[in-house]
Amino acid sequence: MFDIKDLQTRGFVVIPKFLNSNELAVLRSDYQQQKSLPIKNKNYKLVAGTKYSIIKNKILSVLALIQQNTNIIVDLARPSSGYFDNRLLEFNWHQDHEPYFRHQDSYNAVNFWI
């Protein structure tokens, strides 16, 4: 099991088996299809909208858990998802643009890494 409150103290939480094998198969297939498309951003491709819908409700349910059980405010969901191709990374650090530069609030920003 996982403790959602770890977000407040550790900065992350691991949710075992967040996606089932069927959902993972759909996303893997989508990744393979997206991989063949032209690269617009050096290492990032969007999950197809129809594929995102299979994980959207799970993400929203975790955001509700966070809102109810922590002091982290996650009341705005950005409905997009993407694949990072680690083979194409050209930097040794990562900074999220929206939470840090646009909103000046990384504490209340949550990313799902699957």
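Read along the sequence, the chain runs α-α-β-α-β-α, which adds up to 4 helices and 2 strands. The model is a predicted one. Of its 114 residues, 21% count as buried. The accessible surface comes to about 8,700 Å², and carbon and sulfur atoms account for 54% of that area. As for how the chain meets itself, take the contacts between residues at least 6 apart in sequence: 68% of these join residues at least 24 apart.

Now for the inside. In soluble globular proteins, nonpolar side chains tend to be buried together. Here, the largest nonpolar core has 14 residues, and Ile 55, Ile 59 and Ile 66 are the ones with the most contacts inside it. Helix 3 is the biggest giver to this core, putting in 6 residues. Leaving aside residues up to four places away in sequence, Ile 59 touches Phe 18, Tyr 52 and Phe 112.

Next come the charged pairs. Side chains of opposite charge can pair when their charged atoms come close, and this structure holds 2 salt bridges. One of them joins the side chains of Arg 10 and Asp 6, with an N to O distance of 3.6 Å. Arg 10 counts as exposed because its relative accessibility is 51%, and the cut-off for that label is over 50%. Lys 58 and Glu 23 also form a salt bridge, and their closest N and O atoms are 2.8 Å apart. Lys 58 sits in helix 3 and Glu 23 in helix 2 (residues 21-35), so this pair ties together parts that are 35 residues apart in sequence. The two partners differ in cover: Lys 58 is partly exposed, with a relative accessible area of 25%, whereas Glu 23 has 12% relative accessibility and so counts as buried.

Thr 70 deserves a paragraph too. This residue is found in the loop between helix 3 (49-69) and strand 2 (82-84). Despite the loop setting, Thr 70 counts as buried, because its relative accessibility is 12% and the cut-off is under 20%. Its side chain reaches two backbone atoms: the oxygen of Ile 66 at 2.7 Å and the nitrogen of Ile 72 at 3.1 Å. Ile 66 turns up here for a second time, as one of the core residues with the most contacts. Once residues up to four places away in sequence are set aside, Thr 70 touches Ile 4, Lys 5 and Gln 8.

Definitions and conventions:
Residues are numbered from 1 along each chain as its sequence is written. This is a predicted model: local features need pLDDT of at least 70, side-chain atom pairs count only at pLDDT 80 or more; totals for chains, interfaces and linings use all residues. Side-chain values use heavy atoms; hydrogens and water are left out. Buried means under 20% relative accessible area, exposed over 50%, partly exposed in between (1.4 Å probe, protein chains only). A polar contact is a pair of N or O atoms within 3.5 Å; within protein, one must be able to donate a hydrogen and the other to accept it, and residues adjacent in sequence count only if both atoms are side-chain atoms. Contact means heavy atoms within 4.5 Å. Accessible areas come from the Shrake-Rupley method with a 1.4 Å probe; for residues, only the protein chains shown count as cover. A nonpolar core is a set of buried Ala, Val, Leu, Ile, Met, Phe, Trp, Tyr and Cys residues joined through side-chain atoms within 4.5 Å. A salt bridge is a side-chain nitrogen of Lys or Arg within 4 Å of a carboxyl oxygen of Asp or Glu.
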